[in-house]
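Student: I would like to learn how the words used for a protein model are justified. Could we go through them one at a time, setting each value against its cut-off?

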Amino acid sequence: MSDTRSGFVTFVGRPNVGKSTLTNALVGEKVAITSEKPQTTRRAIRGIVNRPGGQLVVVDTPGIHRPRTLLGQRLNDLVEQVLGDVDVIAFCAPATEKVGPGDRRIAESLSGYPRAKKVALVTKTDAASRDQITERLLEVDALREDWDAVIPLSAVTNDQLDVLCDELLALMPVGPALYADGVVTDETIEDRIAEIIREAALHGVRDELPHSIAVTIDDVAPREDSDLTDVWANIVVERDSQKAIIIGRKGSRLADVGARARAGIEPLVGGRVYLSLHVRVAKEWQRDPKQLGRLGF
């Protein structure tokens, strides 16, 4: 079929406008972790969407923010790199909040990527009134003159996701699929397990802690003569006080993190999991180039 289209799209916007939730909804499977904490996403995670008309490769990136640490700077650099490589950039603004200076700055910055086509998405329409949605569509439409489309949608109720897929595919170059049918992400199993553990560790923690949490995997191995898969992992924080918070009273919080993570890992590996979690302190790792390198940033 000569008119099959395929290409790369990325969602940009302030932290917490629903980019990862949208990625997962389009892929139909959880490939990016989500949290109400901003800057949850730390890598360019690729989710693959197969449609009758072609294939969309969704690159989920960290939210663009003013960096306060070396980690923050590296995350912004990663976004820059992704934006330079994709076919379509989809700017996201939530229907529930007025367009602000941060949105304007990001929308303006898209002029730096002339190769990519641009669409605007008003997200979280399930949580907004009709008037809010209308107001937001007008505000977002006014941000740039070169939007190829402006689409209101909800990743939670799947409202308008088909419209989004059709619009994105129409903007992609003609060409064969980039990934085999049935592939939903190019993340390794270790990467996905690490992210599931980090998501579990982020659950319910206080504001200053999320950015200090990283996860490393020592090993993932099927146990001999058993249907168990053994996973050895480390939760890395920056200070001893944070280590105490993660472990909790008599280890109660760490046990909760383990149970929550196991529930996410078991469907991924297709069986029961024994999860061994250790909490390690790497002082100020977000600011230390050596530590960042070791942790994969």
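Student: Why does Asp225 count as exposed?

Tutor: Keep in mind throughout that this is a predicted model. Asp225 has a relative accessibility of 84%, and exposed is the word for values over 50%, so Asp225 counts as exposed. Asp225 sits in the loop between β7 (214–222) and β8 (229–237), and its phi is positive, about 55 degrees, although it is not a glycine.

Student: Which word fits Gln160, buried, exposed or partly exposed?

Tutor: Gln160 has a relative accessible area of 28%; buried would need a value under 20% and exposed one over 50%, so Gln160 is called partly exposed. Gln160 belongs to the loop between β6 and α5, and it too is not a glycine but has a positive phi, of about 70 degrees.

Student: What makes Thr216 a buried residue?

Tutor: Its relative accessibility is 16%, and the cut-off for buried is under 20%, so Thr216 counts as buried. Thr216 is placed in strand β7, where, leaving aside neighbours within four places in sequence, it is in contact with Ala233, Asn234, Val236, Arg280 and Leu295.

Student: How do you know that Leu275 is buried?

Tutor: Leu275 has a relative accessible area of 10%, and since buried means under 20%, the word applies to Leu275. This residue is part of strand β9 (residues 273–281), and it touches Ile197, Val231, Gly258, Ala261, Arg262 and Ile265 when residues up to four places away in sequence are not counted. For one of these, Ala261, the separation is 14 residues in sequence and 8.5 Å in space, C-alpha to C-alpha.

Student: Why is α1 said to be largely enclosed by the rest of the structure?

Tutor: Seven of the nine residues of α1 are buried, so the helix is described as largely enclosed. The buried ones are Lys19, Ser20, Leu22, Thr23, Asn24, Leu26 and Val27. Just after α1 comes Gly28, with a positive phi of about 85 degrees.

Student: Which residues of the largest nonpolar core touch the most other members?

Tutor: This core has 26 residues, and those touching the most other members are Phe11, Leu22, Leu26, Val119, Leu121 and Leu164. At least two residues each come from β1 (5–12), α1 (19–27), β3 (54–60), β4 (88–94), β5 (117–123), β6 (149–152) and α5 (161–171). The helix α5 gives the most, with six residues. As for Leu22, with residues up to four places away in sequence not counted, it touches Phe11, Cys92, Leu121, Leu153, Ala155, Leu161 and Leu164.

Student: How do you know that the buried residues of α5 are on the same side of the helix?

Tutor: First, the buried residues of α5 are Leu161, Leu164, Cys165, Leu168, Leu169 and Leu171. They cover an arc of only 160 degrees around the axis, which puts them on the same side of α5. The general reason behind such patterns is that an α-helix has 3.6 residues a turn, so residues three or four places apart point the same way. On the other side of α5, Asp162 and Ala170 are exposed.

Student: What makes the pair of Arg51 and Asp162 a salt bridge?

Tutor: Their side chains meet at 3.3 Å, N to O, and the cut-off is within 4 Å, so the pair qualifies as a salt bridge. Arg51 lies in strand β2 (residues 45–51) and Asp162 in helix α5, so this bridge ties together parts that are 111 residues apart in sequence. Arg51, at 25% relative accessibility, counts as partly exposed.

Student: Why are Glu135 and Arg136 described with different words, one partly exposed and the other buried?

Tutor: Glu135 has a relative accessible area of 32%, which is between the limits of 20% and 50%, whereas Arg136 has 2%, a value under 20%. Their side chains nevertheless meet in a salt bridge, at 3.7 Å, N to O. Salt bridges that share partners join Lys98, Glu135, Arg136 and Glu139 into one network.

Terms used:
Residues are numbered from 1 along each chain as its sequence is written. This is a predicted model: local features need pLDDT of at least 70, side-chain atom pairs count only at pLDDT 80 or more; totals for chains, interfaces and linings use all residues. Side-chain values use heavy atoms; hydrogens and water are left out. A nonpolar core is a set of buried Ala, Val, Leu, Ile, Met, Phe, Trp, Tyr and Cys residues joined through side-chain atoms within 4.5 Å. Buried means under 20% relative accessible area, exposed over 50%, partly exposed in between (1.4 Å probe, protein chains only). Helices (H or I, at least four residues) and strands (E, at least two) are DSSP runs, numbered from the N terminus. Contact means heavy atoms within 4.5 Å. The arc is that of the directions from the helix axis to the C-beta atoms.
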